[in-house]
Amino acid sequence: MSVDCVLGVVIEHDQGETKPVSLEVLSAARKLADQVSGKVIALCLCQSANLEADLFIQHGADQVQFLTHPDLQHYIHENYAFALLGQLKKYSFDYLLLPATNNGKELSAVLSAHLGVGVATDCISLSVNGEGDVVAVRPVSSGKAHSTVRFSGKKPHILSLRPNIFRSPPLSRQGETIEEEAQLSELSKKVQDLVKQVGSQLDITEARIVVSGGLGMQGPENFKLLEELAEVLGGAVGASRPVVDNGWRDFSNQVGQTGRTVSPDLYIACGISGAVQHLAGMSSSRCIVAINSDPNASIFSVADYGIVGDVIQVVPSLTREFKKILAS
Ligand SMILES: Cc1cc2nc3c(=O)[nH]c(=O)nc-3n(C[C@H](O)[C@H](O)[C@H](O)COP(=O)(O)OP(=O)(O)OC[C@H]3O[C@@H](n4cnc5c(N)ncnc54)[C@H](O)[C@@H]3O)c2cc1C
């Protein structure tokens with residue numbers, strides 16, 4: 001079969017464990033490839049070729065390329081970009097797709113700057129137009145409008161895809177796997193030594209459940225209630241901006257216009273009023289539960305389920321109930 005278009009997908013993993021969002025990106029690439037006689041190549045940068053190649057093939061890869069090096073066990077953008085740039089020189093890719101996670105957004109920006117090519121970040125929909133070009137839709141102005149993007153000029157065109165949007169079930173497919181040793185720069189070792197290993201907390205943009213706290217949590221000490229609930233549900237903890245400004249939580253937790261945009265299956269807003277700047281980061285969640293002591297809080301206008309009550313009492317009760325239900 002002749003191939004008219006090559007789509008590369010950068011697989012994201014956490015210390016060797018594939019992130020589910022990578023499978024979503026592969027599925028999205030497969031759908032495009034099927035419309036343009038395309039080939040999907042999964043690019044796995046890792047310490048050794050021990051990630052699940054079969055899973056990548058089932059989600060749409062025609063070929064899985066393992067680029068291995070001991071310094072690729074953890075994501076460090078200098079190393080990942082260096083290894084990928086080498087691969088992009090060897091093979092000619094038309095499109096390169098990445099998850100719009102913290103790492104994926106950083107890597108897509110770094111690659112686009114190095115290569116002098118265009119990048120469309122945080123895409124929520126992809127299609128192919130009459131000329132066979134990929135057309136991407138991405139939210140702009142804090143989600144108030146959508147912009148439709150088409151590429152021209154130098155390739156590869158880079159796209160990062162918003163997590164939790166492009167899910168598809170695995171298919172029974174065949175594909176090939178190859179392994180190459182990645183070349184890293186001399187800088188690699190120095191960078192490796194400089195990077196402090198931070199705990200492998202779930203990135204809120206990828207989490208399927210986000211339990212978020214606002215000023216109604218009344219202090220940083222009460223966020224442990226949200227951590228307990230998030231742990232029981234396998235989710236991540238988010239926060240409103242004033243919570244971050246107060247230093248109660250790290251900026252990586254901030255949801256909203258000036259923070260992260262999340263689209264989880266379930267968003268539990270605890271003691272958050274529902275200002276437009278907060279809604280800009282979470283209103284595309286599939287199900288929103290709001291807990292607030294003020295029955296007139298704006299958050300209830302976007303919530304699917306609302307609980308009027310004190311978060312300090314409601315959250316531990318929810319945690320207890322979910323624990324019981326999930327245990328049975
Ligand atoms: C340019 C700009 C960018 C911004 N970007 C962001 C952003 O990215 N993200 C963001 O979140 N905000 C952002 N903001 C701030 C935003 O306007 C709001 O000020 C902020 O979202 C409010 O945070 P909050 O809901 O935690 O606090 P508040 O508005 O003070 O709400 C606290 C809520 O907790 C409830 N409450 C109090 N006690 C309890 C209790 N015991 N139990 C239950 N409920 C209780 C109250 O009824 C209230 O509704 C931005 C603002 C500007 C101007």
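**Exercise 1. Give the strand order and the edges of the five-stranded open sheet.**

Solution. The order of the open sheet is S14-S13-S15-S16-S17, and its five strands pair in parallel. Strands S14 (236-239) and S17 (305-308) are the edges, since each of them pairs on one side only. From one strand to the next the twist averages 20°. Strands are DSSP runs of E with at least two residues, helices are runs of H or I with at least four, and both are numbered from the N terminus. Two strands pair if DSSP finds at least two bridges between them. The model is a predicted one, in which local features need pLDDT of at least 70 and side-chain atom pairs count only at pLDDT 80 or more, while totals for chains, interfaces and linings use all residues. Residues are numbered from 1 along each chain as its sequence is written.

**Exercise 2. Describe the pairing and the burial of strand S15 (residues 266-270).**

Solution. Step one takes the partner S13 (residues 209-213): S13 and S15 are parallel and share five bridges. Ser212 stands opposite Ala269 of S15. Step two takes S16, which runs parallel to S15 and is joined to S15 by five bridges. Here Cys270 stands opposite Ile291 of S16. Step three is burial: four of the five residues of S15 are buried, so the strand is largely enclosed by the rest of the structure. A residue is buried if 20 or more other C-beta atoms lie within 10 Å of its own, exposed if 12 or fewer, and partly exposed in between, with C-beta atoms placed from the backbone.

**Exercise 3. Classify the packing of helices H6 and H9.**

Solution. The axes of H6 (residues 223-233) and H9 are 9 Å apart, at an angle of about 20°. H6 is therefore roughly parallel to H9, a class that covers angles under 35 degrees, with over 145 roughly antiparallel, 65 to 115 roughly perpendicular and the rest oblique. Axes are lines fitted to C-alpha atoms, for helices over the stretch in contact, and angles run from 0 to 180 degrees between N-to-C directions. The crossing of H6 and H9 is left-handed, that is, the near helix is turned anticlockwise from the far one by less than a right angle; clockwise would be right-handed.

**Exercise 4. Analyse the shell of 28 residues around the ligand.**

Solution. Nearest to the ligand come Gly214, Gly216, Ser240, Gly256 and Ser273. Two or more shell residues each come from helix H7 (241-245), helix H8 (276-279), strand S16 (287-292) and helix H9 (311-327). H7 gives the largest share, three residues. A residue is near the ligand if its C-beta atom, placed from the backbone, lies within 6 Å of it. By type, the shell has 10 nonpolar, 15 polar and three charged residues. Nonpolar means Ala, Val, Leu, Ile, Met, Phe, Trp, Tyr, Cys and Pro, charged means Asp, Glu, Lys and Arg, and the others, Gly among them, are polar.

**Exercise 5. Place Gln218, a residue other than glycine with positive phi.**

Solution. Phi of Gln218 is near 70°. Gln218 sits in the loop between S13 and H6. It has 14 C-beta neighbours inside 10 Å and so counts as partly exposed.
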